[in-house]
Amino acid sequence: MASAGTGKMTVNPDIAKERRNAGFHVENLTNFIYHGPERVRRRRYMQNIALQDPVMKDSKPWAFRTREEEYELSLRKQLHVLQRQKDLGITDEFDKFYYNEATAPNENNPVGLHFGMFIPTIEKHGTEEQKKKFVQPAKDLKIIGTYVQTELGHGTFIRGLETTATFDPKTQEFIVDTPTLSATKYWPGNLGKTVNYCILMAQLYSQGKCQGPHMFLCPLRDLTTHQSLPGVELGDIGPKFGFNANDNGYLRLNNFRIPRINMLMRYSKVLEDGTYVKPANSKLSYGSMVMIRASIVGAVSRALAQACVISVRYSAVRRQTEVSPGGPEAQILDYQTQQYKLFPLVATAYAYHFAGQAVQSNFLNISKEIEAGNLQQMPVLHALSAGLKAFSSWGASAGIEVCRMSCGGHGYSLASGLPKIYTNITPACTYEGENSVMMLQTARYLFECAMMVQKGQRLPDLVSYLSMDLSAKSCMTSDVALGCLVKAYQHRAARLTNAATAVVQRHINEGQKPTDAFNMASTQLTWAARAHCHQYVVKVFVTTVTEANIDDRTKAALTTLCKMYAVNGIMENLGEFLQDQFFNTDQVDILTRKMMTLLADVRPDAVALVDAFDYHDKVLDSCLGRYDGNVYYALYEYAKSSPLNEKDVLDSFHKYIKPLREGQATSSLPSRL
Ligand SMILES: CCCCCCCCCCCCCCCCCCCCCC(=O)SCCNC(=O)CCNC(=O)[C@H](O)C(C)(C)COP(=O)(O)OP(=O)(O)OC[C@H]1O[C@@H](n2cnc3c(N)ncnc32)[C@H](O)[C@@H]1OP(=O)(O)O
Ligand SMILES: Cc1cc2nc3c(=O)[nH]c(=O)nc-3n(C[C@H](O)[C@H](O)[C@H](O)COP(=O)(O)OP(=O)(O)OC[C@H]3O[C@@H](n4cnc5c(N)ncnc54)[C@H](O)[C@@H]3O)c2cc1C
């Protein structure tokens, strides 16, 4: 490695050797991940445009920015990017996504919700007239909006929201109001300082009757001066665990009037005389949440993948401890315990990536049906997206933290890039539906499916396994076949669903109200929902690998990872699998041995498997995850750029330490120490 400061850098020999020894061609796997060479080429092209742009070059590392600097820089960059994309005629959604990914990586930006939720919600829930009036101005950033639902007192329980929208037929307006302190809107992204409009979730009152939560387009700030409008009080909620380029805000409305046309009326309506027209399904207005939940699975997979790139590359160049006295220190990646920490997470990142694609494609197909008026699949989509969002965000958050700790002390420094990835993604466990609550929604669906099985009714394909014969003998033999692993997961999920359902039924039979019975079984119900999601992820991974049209060596590497994901999940949930009696303890021995063999199988490919995600160094923004492996140089440079080092002797020395010494010298110090 070149010494620090020479500027000339060679690739770290350990990481170079890893790449030479990989058993498959990285580019082939990259092409498979991103749907072919053309998409990969396009992705790199888009990211290069972003990274070459002088406006994107940061004057100081992310870690050294104040919150105000972070917000301003992020806003400036994002608006610049939008203009660039317009100038360059970039309209394809993938192109835009990849461009943005390289713009401000893992930094939540001040207009994200405008494009992510505000515009899509108008497009999906607005009438043709509303779309005409609002969508183009929104795309031109004449109006900038967000999605305002959560209140101080209620986030999870949407039906409990207190903000009101009362129709006044005389003026053809809704009066929107914040009647209590707990009704104050709190948390919506970009609300505090950036937006001038929002989609407001409020209880609709018309003709004296409450019709439940509905969505309204609500102006908040003057479109020219950006001053908050009379009757509107709003601001930023202050610094958070992460998300600090995002001005999550609060909002209070004081009998503020908006025109009738501002209620999103594609599915439900209030006519001029105040007559309320119901939607075909009251949960249609929850559609924007379902959309984001489906996309969160992919988002968390990318965060976990980046954390794996950093920690695996670092583990390849980090040497620690002589294995035999006087011998060389080993690469920490050669320690089996390090492999056991990291390789299952690499497998998980791949598993979530494929699951994310599958959920997204389910979402797109079912959304088309819903738009055409066929609402039959809404419950399936809701159960799948809610559960998968929870399952994957929990898994990714926990996994990123393991990646951080696997980097030892340097993982704790913001220089590692890992805290940034973690704090940016861990709120996915909370936003868009708190995870336990989402699991309970999936469980509710599974419960209904179990009742259908009891009645001998046919189940939708996605859950048809729930009617499997639970007394079937295990198929597990020493070759640990993929098909058998899927069966094991289905067996576990079906048994846990039946067990939880039986608990609910027992409580009902003992005289409990169904809601109480459900609560008394809710922990077990979430176990069932978790197991259901786990089987889905395993099944998607197995199907993807089995059907993959790739060369044999890449397929072999991916198959090893797939087995590792499935076997590791069994090891981590052994209690449930053993209680299942699908495996006996001899078969658990087979799986334990298999796990250790899989670790050794992955070892030579580990760096190549993370390289295949194809993350640019600037996207990783990590001293430890550099492609060239020159981590000590990067850490040294990072330390030197700390603002505390701008002066050799700080003013605080003169203010506090020096007087203390002088005082001590003249008073209480003994003459001899
Ligand atoms: C930078 C941004 C980039 C943008 C992205 C760019 C895109 C692309 C890039 C990638 C992006 C990723 C990263 C993003 C970063 C995001 C930033 C943060 C955004 C955060 C936004 C938020 O954070 S925004 C607030 C979300 N806040 C919730 O999420 C509340 C949860 N709370 C509930 O959602 C309800 O409160 C709850 C519990 C269901 C009960 O609802 P409830 O009380 O009304 O209903 P009940 O429980 O009585 O249920 C009655 C029956 O309705 C059924 N049902 C319920 N929901 C249903 C539904 N949706 N569809 C069908 N059916 C449904 C249920 O299953 C029952 O069915 P059954 O009767 O048959 O059993
Ligand atoms: C970074 C970030 C960005 C956000 N962005 C937005 C946004 O743009 N727009 C917006 O409207 N909101 C936003 N939110 C708010 C977010 O959607 C809510 O925080 C979320 O829906 C959870 O609601 P809550 O905070 O009320 O949690 P609570 O519901 O109070 O949860 C607290 C605990 O209670 C438990 N609990 C609650 N209800 C039940 C139940 N029925 N059964 C069992 N357990 C239960 C939960 O599991 C959890 O452990 C954001 C939040 C964050 C952190």
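Two strands count as paired if DSSP finds at least two bridges between them. That rule underlies the sheet described below, in what is a predicted model.

## A three-stranded sheet

An open sheet of three strands runs in the order β4-β8-β7, and its pairing is antiparallel. β4 (185-186) and β7 (232-236) are the edge strands; each has a single partner, so one side of each has no neighbour in the sheet. How many bridges join β4 to β8? Two bridges link β4 to β8 (residues 249-253), and these strands run antiparallel. Within this pairing, Y186 faces Y250 of β8. Strands of a sheet pair through backbone hydrogen bonds, parallel or antiparallel.

## The chain as a whole

The protein chain holds 23 helices and 13 strands. Its C-alpha trace spans about 90 × 80 × 65 Å along the principal axes. A compact globule of 673 residues would have a radius of gyration near 26 Å, and the 28 Å of this chain agrees with that. Of the 673 residues, 44% count as buried. Contacts reach far along the sequence. Among those between residues at least 6 apart, 75% join residues at least 24 apart.

## Two annotated domains

UniProt marks two domains, both in an unreviewed entry. One is "Acyl-coenzyme A oxidase N-terminal", at residues 26-144. The other is "Acyl-CoA oxidase C-terminal", at residues 484-660. The table gives their make-up in the model.

| Residues | Helix | Strand | Distance between end C-alpha atoms |
|---|---|---|---|
| 26-144 | 67% | 0% | 42 Å |
| 484-660 | 76% | 0% | 72 Å |

## Helix α2 and its cover

Helix α2 covers residues 26-33, and its buried residues are V26, L29, N31 and F32. What covers these buried residues of α2? The cover includes α3 (37-52), α17 (552-572) and α20 (606-611). Just after α2, H35 adopts a positive phi of about 65°.

## The surroundings of ligand 1

There are 29 residues around ligand 1, and G112, G116, Y286, H382 and G433 come nearest. Four elements give two or more residues to this shell: α6 (112-125), α8 (287-317), α10 (378-405) and α13 (435-454). Which of them gives the most to the shell around ligand 1? That is α8, with six residues. By class, the shell around ligand 1 has 14 nonpolar, 11 polar and four charged residues.

## The surroundings of ligand 2

Around ligand 2 there are 21 residues, with Q149, T150, G155, T156 and S436 coming nearest. β1 (147-148) and α13 each supply at least two residues of this shell. The largest share, three residues, comes from α13. By class, the shell around ligand 2 has 10 nonpolar, 10 polar and one charged residues. Helix α13 is also among the elements that contribute to the shell around ligand 1.

## The annotated binding site

UniProt lists T150 and G189 under "binding site", in an unreviewed entry. The two span 40 residues in sequence, yet their C-alpha atoms are not more than 10.5 Å apart, so they gather at one spot.

T150 sits in the loop between β1 and β2 (164-168). Is T150 buried or partly exposed? T150 is partly exposed, because 18 other C-beta atoms lie within 10 Å, and a residue needs 20 or more to count as buried. Leaving out residues up to four places away in sequence, T150 touches G155, K185, Y186, W187 and P188. Two of these contacts, K185 and Y186, make up strand β4 (185-186). T150 is also one of the residues that come nearest to ligand 2.

G189 is in the loop between β4 and β5 (197-206). With 25 C-beta neighbours inside 10 Å, G189 counts as buried. Apart from neighbours within four places in sequence, G189 is in contact with G112, L113, T146, N246 and N248. One of these, G112, is among the residues nearest to ligand 1.

## V631 in helix α22

V631 belongs to helix α22 (residues 631-640). V631 is buried, with 25 other C-beta atoms within 10 Å. Beyond its neighbours within four places in sequence, V631 contacts Y314, V317, C623, L624 and R626. Y314 and V317 fall in α8 (287-317). V631 and H410 are 221 residues apart in sequence, while their C-alpha atoms are 10.0 Å apart in space.

Definitions and conventions
Residues numbered from 1 in each chain as written. Chains lettered and ligands numbered in written order. Predicted model: local features only at pLDDT ≥ 70, side-chain atom pairs only at ≥ 80, totals over all residues. UniProt positions renumbered as here; feature names shortened; annotations may be inferred. Buried ≥ 20, exposed ≤ 12 C-beta atoms within 10 Å, placed from the backbone. Contact = placed C-beta atoms within 7 Å. Rg over C-alpha atoms; globule rule 2.2 N^0.38 Å. Near = placed C-beta within 6 Å. Nonpolar A, V, L, I, M, F, W, Y, C, P; charged D, E, K, R; others polar.
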